[in-house]
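Colleague: Could you take me slowly through one part of this model, the place where the small molecules and the metal ions sit, and explain what surrounds them? I am in my first year, so please go step by step.

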Amino acid sequence: MVGKATTHHHQHLTVPTICVSDSDLKFTHVLYNLSPSELYEHAIKHEKGSFITSSGALATLSGAKTGRSPRDKRVVKDETTADELWWGRGSPNIEMDEHTFLINRERAVDYLISLDKVFVNDQFLNWDPENRIKVRIISARAYHSLFMHNMCIRPTHKELEGFGEPDFTIYNAGQFPCNRYTHYMTSSTSVDLNLKRKEMVILGTQYAGEMKKGLFSVMHYLMPQKQILSLHSGCNMGKDGDVALFFGLSGTGKTTLSTDRNRILIGDDEHCWSDNGISNIEGGCYAKCIDLSQEKEPDIWDAIKFGTVLENVVFDEHSREVDYTEKSVTENTRAAYPIEYIANAKIPCVGPHPKNVILLACDAFGVLPPVSKLSLPQTMYHFISGYTALVAGTEDGIKEPQATFSACFGAAFITLHPTRYAAMLADKMRKHGATGWLVNTGWIGGSYGVGERISLKYTRKIIDAIHSGELLNTTYKTTGVFGLEIPTEVEGVPSELLDPINTWEDRDSYKMTLLKLADLFKRNFRVFANYKIGGASDLADEIAAAGPNF
Ligand SMILES: Nc1ncnc2c1ncn2[C@@H]1O[C@H](COP(=O)(O)OP(=O)(O)O)[C@@H](O)[C@H]1O
Ligand SMILES: C=C(OP(=O)(O)O)C(=O)O
Ligand SMILES: [Ca+2]
Ligand SMILES: [Mn+2]
């Protein structure tokens, strides 16, 4: 039922009929693929806390939730997913049954239908035309519609005419709580995925990142079925076509380091590596903007303009100038913008096979070297370990950096067992001769609270040296315990910083802290020990041996 083209002079698109529910309730008024200007008007008229800032970007508030709620995520366990997905200890996939999914879906649909208007976005995921996914987002807020307008791939009019039925649909009723007495619920928030029905339901959280990451989980399920490796990574390309991947958990530097004045941006967060090469899954970037400055991150600064969504920022009530140092709402302030807002973005966002695979660890212990060159087994070991410190705000309840192990540097979003992605990564790195690197974008000179976070300018110099090939022709020394190959010099970086033992006041406490971290790695890796990564079992043994020795 529903949806005729509204008769307004400016609406050219024919609104598709959208059947959402067996109930005989109907969407009264569908606002279909509105433009940023139209969405601004709806937000400012009807959504508290929505303002136009001095840059022209739209400031919005996401309410009580200003980060993802991983404990409230549920995935329907049924005959389609029971054997295929990663369940149990360490897995982000907390099960629910189909019936409970339908209860929450009905609640979301009834809420949406009770409104006098809903926003509908029909868009794409994955710039690789052979493996594109059609998504439909039904939401109650202009903020959510503009966010996904920016973050998913925007169809042309022609593509929209032939859009047809979506491959996946999100019902975002985030302002409305789930019923916490419903089976499987742990709070008034529930973010539910049903891979068989190809639907997602959001209740009790208005944080827009839930939609982006929910679709990412879907891609982590769909792409491996086509032998395509989905990756939680940033990606850019040099003038000679050398592609680099930047893996990292939230807040470790994917967006910051992949946005580079001297390189072409392919994407900042979610990619696919297929036999055709690399492709960005998304149509936009989602940058942390805490302490953002024009001097430190000029390209991200310039991307904050009309059409960009700013989440939970604080601004002057008269000048509407944003104060990016303000974290009174949250430390996880965000800017979501179309990728073409970055001057040297590559459109379409596709590129050749990666040459460098950079693993970003934000080490709160301050004992990992700023840069290490990894063997293939070491790359796999660290990729499966996914060690980093969750930085404040990215997830509910994180107030200060917390050492964490997040498989594939994005465990919260992966759907299959981590070793499935690791096996594919090993194959592709071997096949295309890619080099693995471990870069610590966290603390040096002591742990969090004693040392300080390594300066972004040094990290950028290290990344430049990886891109230029300088680090392939330099001398290395091997560190104790983790056995990491560290370069003795990197242009533009004080050499003493390259080996953490030099930057700690007290060598004994460095050694003790290093052993403490090594022990955490060892314990964490136990759950993966008996998995044979891919066919070659010798690799599996080498990976197990690539961890710390102590
Ligand atoms: N040495 C460093 N390397 C990378 N980022 C750093 C560094 N020091 C501070 N930062 C800050 O850390 C944050 C990284 O955020 P972002 O790149 O958006 O992470 P991600 O995209 O991985 O979620 C940015 O605010 C950046 O300015
Ligand atoms: C929004 C997210 O992306 P990022 O990796 O940029 O934090 C997230 O991971 O929650
Ligand atoms: Ca990011
Ligand atoms: Mn991310």
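Modeller: A polar side-chain atom of Ser250 lies 2.6 Å from an oxygen atom of ligand 2, and since everything described here belongs to a predicted model, this distance, like the others below, is a computed value. Ser250 has company in touching ligand 2, for an N or O atom in the side chain of Arg68 is 2.5 Å from an oxygen atom of that ligand, and a polar side-chain atom of His232 lies 3.2 Å from an oxygen atom of ligand 2. Taken on its own, ligand 2 has 280 Å² of accessible area, and the protein covers 98% of it. The residues around ligand 2 include, besides these three, Tyr207, Lys213, Gly251, Lys254, Asp269, Tyr286, Arg334 and Phe413. Sorted by class, the shell of ligand 2 holds 5 charged residues, together with 3 polar and 3 nonpolar ones.

Some of these names return when we turn to the manganese ion (ligand 4). Which protein atoms serve as donors of the manganese ion (ligand 4)? They are Lys213 (NZ), His232 (NE2) and two entries for Asp269 (OD), and they lie 2.1 to 2.8 Å from the ion. Lys213, His232 and Asp269 are also listed among the residues around ligand 2, which is a useful link to keep in mind while you look at the picture. Along the chain, the donors of the manganese ion (ligand 4) follow the spacing K-x18-H-x36-D. Lys213 belongs to helix H5 (residues 209–222), whereas Asp269 sits in the loop between strand E14 (264–267) and strand E15 (271–274), so this pair ties together parts that are 56 residues apart in sequence. Lys213 and Asp269 are both buried.

The geometry of this site deserves a careful word. Ideal angles at a metal are 109.5 degrees for four tetrahedral donors, and 90 or 180 degrees for six octahedral ones. The manganese ion (ligand 4) has 6 donor atoms, with angles of 50 to 159° among them, and its site is irregular.

The manganese ion (ligand 4) is separated by 5.0 Å from the calcium ion (ligand 3). The calcium ion (ligand 3) is coordinated by Thr255, through OG1, and by Tyr286, through O, at 2.3 to 3.1 Å. Here again the chain is brought together from separate stretches: Thr255 lies in helix H6 (residues 254–258) and Tyr286 in strand E17 (residues 284–288), so the pair ties together parts that are 31 residues apart in sequence. Thr255 and Tyr286 are both buried; to read that word correctly, remember that a residue counts as buried when its relative accessible area is under 20%. Tyr286, like the manganese donors, is listed among the residues around ligand 2.

Thr255 leads us on to ligand 1, because it is a residue to which more than one role can be assigned by reading the distances. An oxygen atom of ligand 1 is 2.8 Å from an N or O atom in the side chain of Thr255, and another oxygen contact of ligand 1, at 2.9 Å, involves an N or O atom in the side chain of Glu297. With Thr252 the contact involves the backbone, where an N or O atom lies 3.3 Å from an oxygen atom of ligand 1. The protein covers 94% of the 580 Å² of accessible area that ligand 1 has on its own.

How many residues surround ligand 1? There are 18 of them, and the closest are Gly251, Lys254, Thr255, Thr256 and Thr459. Helix H6 and helix H10 (456–468) each supply at least two residues of this shell, and the largest share, 3 residues, comes from H6. By class, the shell around ligand 1 has 9 polar, 5 charged and 4 nonpolar residues. Gly251 and Lys254, which are among the closest residues to ligand 1, are also found in the list of residues around ligand 2.

Notes. Residues numbered from 1 in each chain as written. Chains lettered and ligands numbered in written order. Predicted model: local features only at pLDDT ≥ 70, side-chain atom pairs only at ≥ 80, totals over all residues. Heavy atoms only, no water. Donors = N, O, S within 2.8 Å, 3.2 Å for Na, K, Ca; no water. Helix = DSSP H or I, 4+ residues; strand = E, 2+ residues; numbered from the N terminus. Buried < 20%, exposed > 50% of the residue type's maximum accessible area, 1.4 Å probe, protein only. Near = heavy atom within 4 Å. Polar contact = N/O pair within 3.5 Å; in protein donor to acceptor, adjacent residues only side chain to side chain. Areas by Shrake-Rupley, 256 points an atom, 1.4 Å probe, with all protein chains shown as cover. Nonpolar A, V, L, I, M, F, W, Y, C, P; charged D, E, K, R; others polar. Tetrahedral: all angles 85-135°; square planar, octahedral: opposite > 155°, others 65-115°.
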